[in-house]
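Colleague: Hi, have you got a few minutes to walk me through this one? I'd like to pick at it piece by piece.

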Amino acid sequence: MLKLENVHKAFGGVIAVDHVTLDFAPGSLSAIIGPNGAGKTTLFNLISGRIKPDGGRVVLDGEDIAGVHATEIVRRGIGRAFQVASIFPTLTVSEALTGAVLSHRRRTLTLAGRFHRSGLDERVSEIMTLTGLEAQADTLSANLSHGDQKLLDIALAIALEPKLLLLDEPTAGMGPDERWLMIERVQALWRTGGMTLIFIEHDMDIVFKIAQTIRVLKYGAVLAEGPPAAIRENPEVIEAYLGAPAEETAS
Amino acid sequence: MKHETFLKDVAIGIGVVLLLALLFQVITDPGIHDLIIKTCIFGLFALSLNLLVGYLGLVAFGHATGFATGAYVFGLLMQTGTWTIPAAMGVAVVAAAALAAVIGAFCIRAREIYFAFLTLAFQMILYSAIISFVSLTGGDQGLMGGYPKPPFLGIDLSRPFDYYLFVCGVTVICVILLRQVIQSPFGYALRMIRDNHERSYFLGIQVKLYQWIAFVIASALAAVSGVMMSLFVTGAFPNFAYWSMSAEPLFMILLGGMQTFLGPLLGAFILQLLNDLVTEHTRYYGLVLGLVILFFILGLRRGLLDVVWDKVSDRRRKAGTVRPASPVTGDAEARERS
């Protein structure tokens with residue numbers, strides 16, 4: 001469903017993404033790992049249209065979307081959540097989600113009717129149930145806990161009913177228990193949503209537990225890719241990132 | 001108070017106009033009438049600017065462009081002696097909106113302070129044009145000599161009561177329309193852009209398009225206040241397009257509050273009241289105004305109605321009803337972060 005062909009991006013003299021070629025199967029759940037500065041987030045930015053690649057093709061369902069504007073890429077079915085939760089501080093959870101659903105249904109340009117009577121309550125509470133935010137419906141986004149802000153960020157992407165969902169470190173900044181709760185939610189979303197999911201993650205326990213395929217980036221290039229078992233044994237990956245096999249779970 | 005329907009807003013609006021009509025009959029002091037008229041004119045001017053400042057997070061320094069365009073186009077048309085007031089008013093507002101559509105297309109490309117100054121640059125171009133195009137605009141003398149105010153629909157704007165009621169009525173209609181904009185899905189998209197424009201892009205919202213539309217709407221409403229101002233002075237003057245005319249609605253927003261819908265209207269009232277009271281006693285109007293603004297910014301750190309609204313919702317929260325605090329004010333940090 002998503003193919004990266006020879007995608008290249010440099011910032012000044014620094015090569016952030018170095019001729020990356022990757023193929024993501026429809027409905028798959030894959031992880032991107034790699035040390036800091038390996039170009040993981042840049043790769044997401046290239047896919048989602050935040051930045052344009054210097055070269056190469058980003059092919060979504062047979063169409064090259066490299067260089068297409070971010071809002072248009074959203075319309076074509078790519079949703080994303082951010083490493084630092086990107087939310088709307090002054091809106092309540094249900095307001096933010098209503099806004100996202102309205103945008104998805106192309107109704108945000110309407111001057112008639114009232115936002116609070118847009119008849120989307122059902123869909124919004126469905127999303128809140130999926131993401132476990134129902135208790136926070138009327139809480140201002142700024143007042144949510146860190147974990148709930150990350151959930152809201154994901155919920156906003158879910159509201160767009162994406163074919164492809166990009167999650168940039170969904171568990172960043174969370175304690176161990178919270179992490180597992182979050183990752184179970186993400187897994188459940190993926191199962192029920194029938195979408196393709198790619199996530200960036202530093203917690204190797206999580207990566208090896210849930211990812212079907214793992215891509216390892218280093219200095220912007222693909223170091224290795226394959227199922228968890230193969231990655232775990234890959235000597236190059238161990239040397240570059242995982243450390244000695246005995247401490248393979250260190251993150 | 002929070003999510004009223006359009007019809008309820010209309011009902012409240014009608015009530016307010018009736019009340020103001022009654023007030024005119026009870027209090028016969030023309031000074032008070034003028035105070036209310038000016039509060040309406042500048043209140044609408046400030047409210048329209050607050051669509052950009054408060055709801056979209058775009059500070060514009062050149063909002064008087066719409067105001068002056070409305071006043072001059074209206075004044076010029078009326079001076080021909082062949083136009084009816086509603087027709088001239090319509091053309092004036094459309095002209096200001098069209099000008100804003102062009103100016104806005106340039107300005108929204110710039111971010112924040114650059115946007116603010118770009119709008120001011122366009123305003124100063126308009127000011128220069130008004131000053132130099134003497135044969136049409138009367139240059140620095142303004143549109144002199146007055147113009148006829150032909151009655152329409154039984155309304156004769158040369159009669160004080162008719163004019164007073166006309167201003168109150170038009171203002172209330174515009175306020176209801178503005179409230180509809182703010183409470184519509186479009187209005188919430190503006191809040192989303194204000195809070196986090198980056199995230200808005202990734203929800204499929206074309207940020208620049210929304211900013212442009214809001215800019216045009218705000219300018220059109222500013223033109224309405226410009227038209228009412230022109231009727232007040234039976235003319236139009238170049239100071240309508242001078243930079244200080246754009247600073248006034250910003251002061252009103254600061255004084256009255258930008259997070260509460262009617263804050264800028266209260267700000268306009270405070271400023272007009274100050275103007276009346278202070279100039280009666282001293283020449284140092286600017287000094288007093290400066291001190292008052294300092295008090296609001298350093299002391300209250302937000303507008304008066306914002307403070308009141310925060311207090312009310314604090315009390316409500318303590319009493320157990322849910323709706324959390326005021327939008328924005330308490331969450332400056334969170335806004336910065338995202």
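Colleague: Let's start with helix 1 (residues 40-48) of chain A: how many of the nine residues are buried?
Modeller: Eight of the nine are buried, so helix 1 of chain A is largely enclosed by the rest of the structure. Buried means 20 or more other C-beta atoms within 10 Å of the residue's own, exposed means 12 or fewer, partly exposed is in between, and C-beta atoms are placed from the backbone. Helices here are DSSP runs (H or I, at least four residues; strands are E, at least two), numbered from the N terminus.
Modeller: Before we go on, this is a predicted model, in which local features need pLDDT of at least 70 and side-chain atom pairs count only at pLDDT 80 or more, while totals for chains, interfaces and linings use all residues. Residues are numbered from 1 along each chain as its sequence is written, and chains are lettered from A and ligands numbered from 1 in the order in which they are written.

Colleague: Thanks! Which residues of helix 1 of chain A are buried?
Modeller: They are A:Lys40, A:Thr42, A:Leu43, A:Phe44, A:Asn45, A:Leu46, A:Ile47 and A:Ser48. After the helix comes A:Gly49, with a positive phi near 85°.

Colleague: Switching to the interface, how many residues does each chain put into the contact?
Modeller: Chain A gives 36 residues and chain B gives 31; a contact is a pair of C-beta atoms, placed from the backbone, within 7 Å. On the chain B side, helix 7 (160-183), helix 8 (185-195), helix 9 (197-201) and helix 15 (332-337) each supply at least two residues. The largest share of that side, eight residues, belongs to helix 8 of chain B.

Colleague: And what does the chain B side look like by class?
Modeller: It divides into 15 nonpolar, 10 polar and six charged residues. Ala, Val, Leu, Ile, Met, Phe, Trp, Tyr, Cys and Pro count as nonpolar, Asp, Glu, Lys and Arg as charged, and the others, Gly among them, as polar.

Colleague: How do helix 3 of chain A and helix 8 of chain B sit, parallel or perpendicular?
Modeller: Their axes come within 10 Å and cross at roughly 115°, and the two helices are therefore roughly perpendicular to each other. The meeting residues are A:Glu95, A:Gly99 and A:Leu102 on one helix and B:Pro185, B:Tyr188, B:Ala189 and B:Met192 on the other. Axes are lines fitted to C-alpha atoms, for helices over the stretch in contact, with angles from 0 to 180 degrees between N-to-C directions. Under 35 degrees counts as roughly parallel, over 145 as roughly antiparallel, 65 to 115 as roughly perpendicular, and the rest as oblique.

Colleague: B:Ala189 caught my eye. Which residue of helix 10 in chain B is in contact with B:Ala189?
Modeller: That's B:Tyr210, in helix 10 (residues 207-233) of chain B. Leaving aside neighbours within four places in sequence, B:Tyr210 also touches B:Leu190, B:Ile193 and B:Ile205.

Colleague: Why does B:Tyr210 count as buried?
Modeller: Because B:Tyr210 has 21 C-beta neighbours inside 10 Å. Its C-alpha is 9.3 Å from that of B:Leu56, 154 residues away along the chain.

Colleague: Last one: which residues have the most contacts inside the largest nonpolar core?
Modeller: A:Leu97, A:Leu152, A:Ala155, B:Leu52 and B:Phe240, in a core of 178 residues. The largest share of this core, 15 residues, comes from helix 10 of chain B. A nonpolar core is a set of buried Ala, Val, Leu, Ile, Met, Phe, Trp, Tyr and Cys residues joined through C-beta atoms within 7 Å.

Note on methods
Two residues are in contact if their C-beta atoms, placed from the backbone, lie within 7 Å.
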